[in-house]
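Subject: Structure for you, with notes on helix packing and internal spaces

Dear colleague,

I am passing on the structure we spoke about, and below it you will find what came out of going through its helix contacts and its empty spaces. Please read the notes with the model open beside you.

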Amino acid sequence: GFEAADIVTAYDTDLAGLKAAVRRFLQKIRTGDTAFVYYAGHGAEVRGRNYLLPVEFNPEGDELELVDQAYSAQELLERLEASGARARVLVLDACRNNPVRSRSAGGKGLAGMEGSGTLIVFPTSAGKTTPDNSLFRTELLSALRTPGLSADDAVKRAAREVYNKTNGAQTPAIYGLLLQDFAFVAGRVSRAVDREAYSLIENSKNAELFERFAREFPNSELAPLARLKAESLRPTTVVRTEAPVPT
């Protein structure tokens, strides 16, 4: 639904090209706009900060070279938050495995990020990696296209779908917070959000999913059922006692 003139696209860029694309995008933003940034590529974490890697990045370098050769995700976030946009969504669709992990850089995965008025989405949880993010992209695009569904609920729906379809092997991470409701596609949600969320987990054998549902939708008519399901799926501890053998 964005106008073509308001969209900035850059493919396979070097560091200078990546910075130039970000500048062009930020220059288009006016106070009250919606800003959506989607980065698909490679990312790495060094000492708690995340970096987006351009095409000329040298994987044989150490962490100091990585910092010099890459674009800081925190800098991108800070510039977004200073742009005046009323709603900001930052999706870092990065594999999250560190190409210089054998040297002095941090461990696997990217570090968590917090934003004030910005919704930040990763395809997997902090400190973990994923070799293929295609399922995440598919589910996120599907959820964002749902009429009337807020961006917050859309990314939660996508995360649940990925979690369930990978049997818990991949859990997209959601950080930050939008300060007001925003939907990418106007309209009314065709189905209650709580029922939609429950339908995604109703066949699960994971008690934690039902416990989480009950916490997120405490007023839903399905909350009591979710609590019962969680209780039935928790492991049962059996304590056996035996009378002492007479001597």
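At what angle do helix α5 and helix α6 pack, and how far apart are their axes? Please bear in mind throughout that this is a predicted model. Helix α5, which covers residues 151–165, packs against helix α6, residues 193–201, at an angle of about 15°, and their axes are 9 Å apart. That angle makes α5 roughly parallel to α6, and the crossing of these two helices is left-handed. On the α5 side the contact is formed by Asp153, Arg157, Arg160, Glu161 and Asn164, which meet Val193, Glu196, Ala197, Leu200 and Ile201 of α6. Sorted by class, the residues of this contact are four nonpolar, one polar and five charged.

Helix α5 also packs against α4, where the two axes come within 8 Å and cross at roughly 145°, and this crossing is right-handed. From α4 the residues involved are Leu135, Phe136, Glu139, Leu140, Ala143 and Leu144, while α5 contributes Ala154, Val155, Arg157, Ala158, Glu161, Val162 and Lys165. The residues of the contact of α4 with α5 comprise nine nonpolar, no polar and four charged. Arg157 and Glu161 are worth finding in the model, since they appear in the contact of α5 with α6 and again in the contact of α5 with α4.

The remaining helix pair in these notes is α6 with α7, whose axes come within 10 Å and cross at roughly 175°. Angles over 145 degrees count as roughly antiparallel, and α6 and α7 are therefore roughly antiparallel to each other. Asp194, Ala197, Tyr198 and Ile201 of α6 make this contact with Leu209, Phe210 and Phe213 of α7, and by class its residues are six nonpolar, no polar and one charged.

Turning to the enclosed spaces, the structure holds three cavities of 30 Å³ or more. The largest cavity has a volume of about 100 Å³, and its lining consists of Arg160, Tyr163, Asn164, Ala197, Ile201, Leu209, Arg212, Phe213 and Glu216. At least two of these residues come from each of α5, α6 and α7 (207–216), with α7 giving the largest share, four residues. Five residues of the lining are nonpolar, one is polar and three are charged.

The second largest cavity has a volume of about 40 Å³ and is lined by Leu149, Asp153, Arg157, Arg160, Val193, Glu196 and Ala197. The elements that give it two or more lining residues are α5 and α6, and its lining has three nonpolar, no polar and four charged residues. Arg160 and Ala197 therefore deserve a look from both sides, as they line the largest cavity and also the second largest cavity.Last comes the open space. The largest pocket has a volume of about 1,300 Å³, and among the 38 residues that line it, Ile7, Val8, Phe36, Val37 and Tyr38 are the closest to its centre. Two or more lining residues are given by each of α1 (15–28), β1 (34–46), β2 (49–53) and α4 (134–144), and the largest share, nine residues, comes from β1. The lining of this pocket divides into 26 nonpolar, six polar and six charged residues.

With best wishes

Notes:
Residues numbered from 1 in each chain as written. Predicted model: local features only at pLDDT ≥ 70, side-chain atom pairs only at ≥ 80, totals over all residues. Heavy atoms only, no water. Axes fitted to C-alpha atoms, helices over the stretch in contact; angles between N-to-C directions. Parallel < 35°, antiparallel > 145°, perpendicular 65-115°, else oblique. Left-handed = near helix turned anticlockwise from the far one by under 90°. Contact = heavy atoms within 4.5 Å. Nonpolar A, V, L, I, M, F, W, Y, C, P; charged D, E, K, R; others polar. 1 Å grid on protein atoms, 1.4 Å probe; cavity = no way out; pocket = protein on both sides within 12 Å on 5 of 7 lines; lining within 4 Å. Points joined across faces, edges and corners; volume = space filled by probe spheres on them.
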